[in-house]
Amino acid sequence: MEMTRHKLIIGNCMSMREIEDNSVHLMVTSPPYFNAPFDYKGVFDDYDHYLTMLMKCASEVYRVLQDGRIAALNIDDMLIKGKKYPITADATKIFIEAGFKYRDKIIWKKPDGYLRISRRSGVLIQNPYPMYYYPDNLLESIIIFQKGDFDYKSISAEVREASKIEIQEIKDNKWYMNFWEMTNVLPSSKLEKGIAAFPDKLPYRIIKLFSYKGETVLDPFVGSGTTMKIARQLGRNSIGIEIKKSLEPIIKEKLGFANVQMSLNNYCDTYEVYMREDDRYGYIC
Ligand SMILES: C[S@@+](CC[C@H](N)C(=O)[O-])C[C@H]1O[C@@H](n2cnc3c(N)ncnc32)[C@H](O)[C@@H]1O
């Protein structure tokens, strides 16, 4: 099996200066929630500040992606104090304005049993009258963008065959539909505590569907490192960017490099970390 390379940049993804133009083959990520209840509370001054961060990230993703390649974002609207912020629509617009073509939208449904009736939706049970309705959200979006058109002939027959997806896997998991049922990660899981990680299945599907073996997958909001871990498992290289320095040991462990002696020979997967000290803004490390 070919060896893979994994690079973590500790810094702000509004700049991806360590990454060369047209050098990445796929971007898959889940951006931070706008004022998510636990770990981002108060990080963004306001919604415009949040959108500006996404805008700068989108323009960097456009720069580093190769022509024809895909950017996939797991994202969702956010209800704060009774007002829903249209994050999915705004992110779609931002990526289109950065130069991408809007290619598709997949709906991810979490299991019904995952959410107990929350305080929010429970209000209707307490007050079964009109105007008390705030449903719990079991859905998220995966929005998919493409930078121009893909040249299928640019891939060698050998790499194409090595990256073939089993038809049975497509059928068994109903990948042919834009409705994916996947169990989410529990917020209390060991390596994902307080991180709002997505399940392995999400980057697994996107990486298999939109990249070839030996290519490079980028996650600019890498969190616990789920995308990098799955990229490694699937024989892809990865680049992760994460603003919280404190997540580095978690990412290293998740990728399976925690107890591995780094070696300079060419026979093992490699893991590098770049610590950018100059541009952490307002994040707790
Ligand atoms: C929703 S989490 C990603 C979780 C990830 N998909 C996983 O499975 O673990 C978003 C991550 O983005 C990081 N983040 C927020 N703003 C950032 C920025 N401007 N640049 C880089 N990372 C950022 C947060 O610290 C958080 O870890």
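Student: How many of the 8 residues of strand S7 (residues 139-146) are buried?

Tutor: A residue is buried if 20 or more other C-beta atoms, placed from the backbone, lie within 10 Å of its own. In S7 that holds for 6 of the 8 residues, leaving the strand mostly covered. Keep in mind that this is a predicted model: local features need pLDDT of at least 70, side-chain atom pairs count only at pLDDT 80 or more, and totals for chains, interfaces and linings use all residues. Residues are numbered from 1 along each chain as its sequence is written.

Student: Which strands pair with S7, and in what sense?

Tutor: Strands are DSSP runs of E, at least two residues long, numbered from the N terminus, and two of them pair if DSSP finds at least two bridges between them. S3 and S7 are antiparallel, with 6 bridges; strand S6 (residues 101-109) also runs antiparallel to S7, joined by 8 bridges. Look at Ile143 in S7: Leu73 stands opposite this residue, and so does Lys105.

Student: What is the strand order of the sheet?

Tutor: The open sheet has 9 strands with mixed pairing, in the order S8-S6-S7-S3-S2-S9-S10-S1-S11. Its edges are S8 (179-181) and S11 (270-275), each pairing on one side only.

Student: Where is a parallel pair?

Tutor: Try S1 (residues 5-10) and S10 (residues 237-242), which run parallel and share 5 bridges. Leu8 has Gly240 in S10 as its bridge partner.

Notes: Helices (H or I, at least four residues) and strands (E, at least two) are DSSP runs, numbered from the N terminus. A residue is buried if 20 or more other C-beta atoms lie within 10 Å of its own, exposed if 12 or fewer, and partly exposed in between; C-beta atoms are placed from the backbone.
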